[in-house]
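User: I am new to this structure and would like a close look at a single part of it. Please take one strand and work outward from there to what surrounds it.

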Amino acid sequence: MSADHVVVMLLTGEVSPLELSAAAEIFGYRYRPDPEPWYDFRLASVDATPVPAMGGFSVMAPYSLDELAVADTVMVVPNADRTAVPDPVIEALRAAHTRGARMVSICAGAFVLAAAGLLEGRRATTHWWYTDELARSHPGVAVQRDVLYVDDGDILSSAGSAAGIDLCLHLVRLDHGAAIANAVARALVVPPHRDGSQAQYAGRPHRPDPPGRGLAELLGWAADHLDQDLSVCVLAERAAMSPRTFARRFRQEIGTTPHQWVMIQRVDRARQLLEATERSVDRIAIEVGFASAQSLRARFKEVMGITPADYRRAHRAPHDRTDRPDEPLPTA
C-alpha cells in the first residue's frame with residue numbers, strides 16, 4: 001500500500017492532542033529510508049478552519065468535509081458534546097462509508113459514528129468512562145467494554161486515547177504487515193501489541209447508591225470485610241432476608257449476582273494492593289478473601305484481562321513502596 005491510500009482525520013470540535021498526535025505520528029511520518037510515504041494523511045474540519053485543542057492552542061485543519069469523498073480511511077475523534085453531531089458531518093460520514101471507506105473512531109469518537117448510524121448492529125468500543133453511556137444512547141450498538149480496540153471489518157474503534165495508538169498500529173499491521181508495524185512501534189517506543197484490556201486501567205467499580213432503603217449499607221460493610229465469608233447465606237442473614245429473597249433483590253437493585261459483585265470487589269482490592277505494596281500474590285489472596293493465590297490469578301485474569309504479575313509490572317513505579325514484602329499479616 002502506497003501513499004495513494006488517503007487517511008483523513010476529521011476534527012468535529014475541541015480535540016485531544018494525544019488522539020490527534022497518535023494518528024498524525026503513525027500515518028503522517030516516514031519511518032523508513034524509502035522517500036515514498038506509506039499514507040497520505042490529511043486533517044479536516046467541517047469548514048477547513050482551525051480547531052481548538054485541549055491545552056489552549058489551535059490545530060490547523062486545511063481540508064474540509066469534501067475530503068471524505070476521496071478518503072480510503074476516515075478517522076473521527078470526539079467533540080466536547082458527544083450528543084451533538086452536525087448534519088453535514090453525518091451526511092459526509094454516511095457517504096464515505098457507502099462508498100467503501102474504512103471508518104475508524106478514537107476514544108469517544110465512537111459517538112460520532114453512532115450518531116451517523118454506522119454502528120447500528122455492529123461491535124464497537126469507547127473509553128471505559130463512556131461505555132455505559134454509549135450503550136444507553138445507542139442500544140443498537142454491541143458495546144465491547146473491556147477491549148483496547150474492536151476490528152469489525154470496515155469499521156474499527158478504540159478505547160481511551162492511548163488505545164488509539166494500539167488501533168493505529170493494528171491498521172498499519174493490516175496494511176503493511178507485522179514487520180512494518182513492529183518497526184513503527186519501536187520508533188514510537190511503545191509495545192507493538194499490548195496484552196489485556198482497558199479494564200486494567202479503569203478505576204474502582206462504582207458502588208451503587210440505590211433509592212430507598214436499598215443495600216448500600218450492606219455493600220459498604222462487605223467491601224470493608226472482603227477477607228471474611230461473604231456467601232449469599234451470610235449476606236442474606238446480615239440483611240435480615242432469606243437467601244432467595246436476598247439474591248432476587250440484589251440482582252434487581254445492583255444488576256448482578258452477589259457472588260459476582262463480591263468477586264469484582266476482591267479483584268479490585270487486589271489491584272490496589274498490587275499497585276501500592278510489595279506483598280506477594282499469596283498474601284494478597286488471603287487479604288482479599290480468595291481461597292488461594294491460584295484462585296486470585298484466575299479471577300484477576302478473567303476480570304482484568306491480565307495476570308497479577310503483569311499488572312504489577314505495568315502499574316507500579318519502583319519507588320511505590322508502602323510496606324515490606326515480608327511484613328507479617330495483621331493479627332485479628
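Analyst: In strand β10, L156 is the bridge partner of V104. This pairing belongs to a predicted model, and it is one place where β10 meets strand β6. β6 covers residues 102–105, runs parallel to β10 and is joined to it by 3 bridges.

β10 itself spans residues 155–158, and its side chains alternate: I155 and S157 point one way, while L156 and S158 point the other way. Both pairs are buried, which here means a relative accessible area under 20%.

β10 also pairs with strand β9, residues 149–151, this time in the antiparallel sense and again over 3 bridges. Within that pairing, Y149 has S158 of β10 as its bridge partner. The two strands form a hairpin with 3 residues between them. One residue of the turn, G153, has a positive phi of about 80°.

D152 lies in the loop between β9 and β10. D152 forms a salt bridge with R123, whose closest N and O atoms are 3.5 Å apart. R123 is in strand β7, residues 123–124, and the two residues are 29 positions apart, so the pair links distant parts of the chain. D152 counts as buried because its relative accessible area is 19%, whereas R123, at 34%, is partly exposed. The salt bridge is not isolated: R122, R123, D152 and D154 are joined into one network by salt bridges that share partners. In total the structure holds 13 salt bridges. As a general matter, side chains of opposite charge can pair when their charged atoms come close.

Now the sheet around β10. It is an open sheet of 6 strands in the order β2-β1-β5-β6-β10-β9, with mixed pairing. β2 (40–45) and β9 stand at the edges, and each has a single partner strand, so one side of each has no neighbour in the sheet. On average, neighbouring strands of this sheet are turned by 15° against each other, direction ignored. In general, strands of a sheet pair through backbone hydrogen bonds, either parallel or antiparallel.

Helix α5, residues 163–176, lies across several of these strands, namely β5 (73–76), β6, β9 and β10. Relative to β10, α5 runs at about 145°.

The edge given by β2 can be followed in the same way. Strand β1, residues 6–11, runs parallel to β2 and is joined to it by 6 bridges. Among the positions that face each other, L10 stands opposite A44 in β2, and L11 has S45 of β2 as its bridge partner. β2 is an edge strand, yet it is mostly covered, with 5 of its 6 residues buried.

R42 in β2 takes part in two salt bridges. One is with D40, at 2.6 Å from N to O, and the other is with E67, at 2.3 Å from N to O. E67 lies in the loop between β4 and β5, so its pairing with R42 ties together parts that are 25 residues apart in sequence. R42 is buried, at a relative accessible area of 15%, and E67 is buried as well, at 14%. D40 is partly exposed, at 24%.

Helix α1, residues 17–27, also packs against this part of the structure. The buried residues of α1 are E19, L20, A22, A23, I26 and F27. They cover an arc of only 165° around the axis, which puts them on the same side of the helix. An α-helix has 3.6 residues a turn, so residues three or four places apart point the same way. The buried residues of α1 pack against β1, β2, β4 (57–59) and β5, and also against helices α5 and α6 (178–188). Helix α5 thus appears twice in this account, because it lies across β10 and is also packed against by α1.

To place this part in the whole: the protein has 13 helices and 10 strands. Buried residues make up 47% of its 332 residues. Of the contacts with a separation of 6 or more, 63% are between residues 24 or more positions apart.

Notes. Residues are numbered from 1 along each chain as its sequence is written. This is a predicted model: local features need pLDDT of at least 70, side-chain atom pairs count only at pLDDT 80 or more; totals for chains, interfaces and linings use all residues. Side-chain values use heavy atoms; hydrogens and water are left out. Buried means under 20% relative accessible area, exposed over 50%, partly exposed in between (1.4 Å probe, protein chains only). Helices (H or I, at least four residues) and strands (E, at least two) are DSSP runs, numbered from the N terminus. Two strands pair if DSSP finds at least two bridges between them. Axes are lines fitted to C-alpha atoms, for helices over the stretch in contact, and angles run from 0 to 180 degrees between N-to-C directions. Contact means heavy atoms within 4.5 Å. The arc is that of the directions from the helix axis to the C-beta atoms. A salt bridge is a side-chain nitrogen of Lys or Arg within 4 Å of a carboxyl oxygen of Asp or Glu.
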